[in-house]
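Trainee: I am new to this structure. Could we go through it together?
Mentor: Certainly; please look at the entry first.

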Amino acid sequence: MDELTGYLTLSTGDVFEGKWLYKNEYIEGEMVFNTAMTGYQEVMTDPSYAGQIVTMTYPLIGNYGCNNQDNESWNPSLSGFVIASPFSNPSHEKDRHSLWEMVQKHHIPTLYDMDTRALTRVIRKHGEVYGKFTTNPDDFPVLKKVDSDIVRKVAVQKPFTIKSKSNTSTSKRIAVIDFGYKHSIVDTLQDLGCEIHIVRFDITWEQMKKINPEAVVLSNGPGNPKDLAYLFDNLKPIIDYYPTLGICLGQQLIALASGAQTKRLPFGHRGSNHPVKDLTTNKVHITSQNHGYVVDEESLNQKEWRVTHQNVNDHSLEGMVHRYKPIMAVQFHPEAHPGPSDSFYIFEQFMALTQTKGEKQHA
Ligand SMILES: NC(=O)CC[C@H](N)C(=O)O
């Protein structure tokens, strides 16, 4: 074994040999795979991957380099990164540093020269798999679940405000409850002229009343949504009072706080080409996704909620709207990054929803 050789050992007993791009022989995490052909920089910096070792199924990673615009957080939080072929000679007008520089700068444990096809088949077959990066192929992971307090580790400690880009009187004051938000959600709201208040994940009703926003966004974030059950007493009055948009973890929390259930998908949706049907228009949009859990449609009170979006591949619930209150939520990522911006209209619908405070919304 030479200095470069590293192993990924799995809770299934499988062992994969590769080479270190950035060596860290002690990390463990939940194994997930992402099928996007581009967007590795956004994937590496999406806080929803905290606690997870991400395998890219597209074999060539790094071919257009990394830039100063596409990070989705200040510091990457994924546990590890697994790729087939890293590309060392990138070419793109926005390219500022290579993949190699990116993993060194942010200390992202990375193995390359991995058989990502075979690895993905193992993850697909077993569903819930944990892995360890190691120099000893007989050293297996002990991890059995993602840290139940993972949101606290990626979300902001101190609230802060981001000014609106426009000075018009139409600009909205939006509170984003941060469970590990992707920066492109806030960028999109800013582009729509909003002033944004990033607030802590454990914000109370009284604290929110002081900010008095015109609408609220519950962000994406890592981990099992049920681990956040202790927040539901805080979230329920906020969701009930303000026009609200939930994105990914945000949708799961809105559903759970309203008495519905979430469940684990067999092996998660992570990629940038997941077809979703808008049940209002019957149009199919190609969406960006990153989730391992989903709202259980059976458990949703259909007298109060209408399902608005459905996944074309597995028919899972992709969006919902409250029949009487201004609350909407989606499981996919309307902010894209990476992936197509087909579902930008979700933000436009949310902007329209912010007008409906106190009025009855017609389902
Ligand atoms: N992107 C997200 O918000 C992910 C939500 C949740 N952690 C899941 O995996 O389902």
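Mentor: What follows is a conversation about a predicted model.

Trainee: What does the chain contain in helices and strands?
Mentor: There are 9 helices and 19 strands in the chain. Along the principal axes, its C-alpha atoms fill a box of roughly 70 × 45 × 40 Å.

Trainee: What radius of gyration does the chain have, and what would a compact globule have?
Mentor: The chain has 20 Å, and a compact globule with 363 residues would be near 21 Å, so the two agree. Of the 363 residues, 49% are buried. Among contacts with a separation of 6 or more, 75% join residues 24 or more positions apart.

Trainee: How is the chain divided?
Mentor: The division gives domain 1, residues 5-134, and domain 2, residues 150-356. The centres of the two domains, taken over C-alpha atoms, are 26 Å apart. Their contact takes 22 residues from domain 1 and 23 residues from domain 2.

Trainee: Which elements give two or more residues to the domain 1 side?
Mentor: Strand 3 (28-34), helix 1 (40-45) and helix 3 (116-126) do so on the side that touches domain 2. The largest share there, 3 residues, comes from strand 3. By class, that side of domain 1 has 8 nonpolar, 10 polar and 4 charged residues.

Trainee: What does UniProt say about residues 4-134?
Mentor: An unreviewed UniProt entry places the feature "domain: Carbamoyl-phosphate synthase small subunit N-terminal" there. In the model, that span is 18% helix and 31% strand, and its end C-alpha atoms lie 12 Å apart.

Trainee: Turning to the annotated active site, which residues does it cover?
Mentor: The unreviewed UniProt entry gives Cys-248, His-333 and Glu-335 as "active site". They are spread over 88 residues of sequence but cluster in space, with a largest C-alpha distance of 11.2 Å.

Trainee: Is His-333 buried or exposed?
Mentor: His-333 is buried, because 28 other C-beta atoms lie within 10 Å, and the cut-off for buried is 20 or more. His-333 is found in the loop between strand 19 (327-330) and helix 9 (345-353). Beyond its neighbours within four places in sequence, His-333 has contacts that include Cys-248, Ser-288 and Asn-290.

Trainee: And where does Glu-335 lie?
Mentor: Glu-335 is also in the loop between strand 19 and helix 9. Glu-335 counts as buried because it has 24 C-beta neighbours inside 10 Å. Outside its neighbours within four places in sequence, Glu-335 is in contact with Lys-182, Ser-184, Ile-185 and Thr-188.

Trainee: Which residues of helix 5 are buried?
Mentor: In helix 5 (residues 183-191), Ser-184, Ile-185, Val-186 and Leu-189 are buried. What covers them includes strand 10 (160-162), strand 11 (173-177) and strand 12 (195-199). Just after helix 5, Gly-193 takes a positive phi of about 90°.

Trainee: A change of topic: which residues are around the ligand?
Mentor: Among them are Ser-48, Asn-220, Gly-221, Cys-248, Leu-249, Asn-290 and Tyr-293. Strand 16 (residues 283-295) gives the most to this shell, with 4 residues.

Trainee: How many residues of each class are in that shell?
Mentor: The shell has 4 nonpolar and 7 polar residues, and no charged residues. Cys-248 is one of the residues around the ligand, and UniProt's "active site" annotation covers Cys-248 too.

Definitions and conventions. Residues numbered from 1 in each chain as written. Predicted model: local features only at pLDDT ≥ 70, side-chain atom pairs only at ≥ 80, totals over all residues. Near = placed C-beta within 6 Å. Nonpolar A, V, L, I, M, F, W, Y, C, P; charged D, E, K, R; others polar. UniProt positions renumbered as here; feature names shortened; annotations may be inferred. Rg over C-alpha atoms; globule rule 2.2 N^0.38 Å. Buried ≥ 20, exposed ≤ 12 C-beta atoms within 10 Å, placed from the backbone. Contact = placed C-beta atoms within 7 Å. Domains from an automatic or database assignment.
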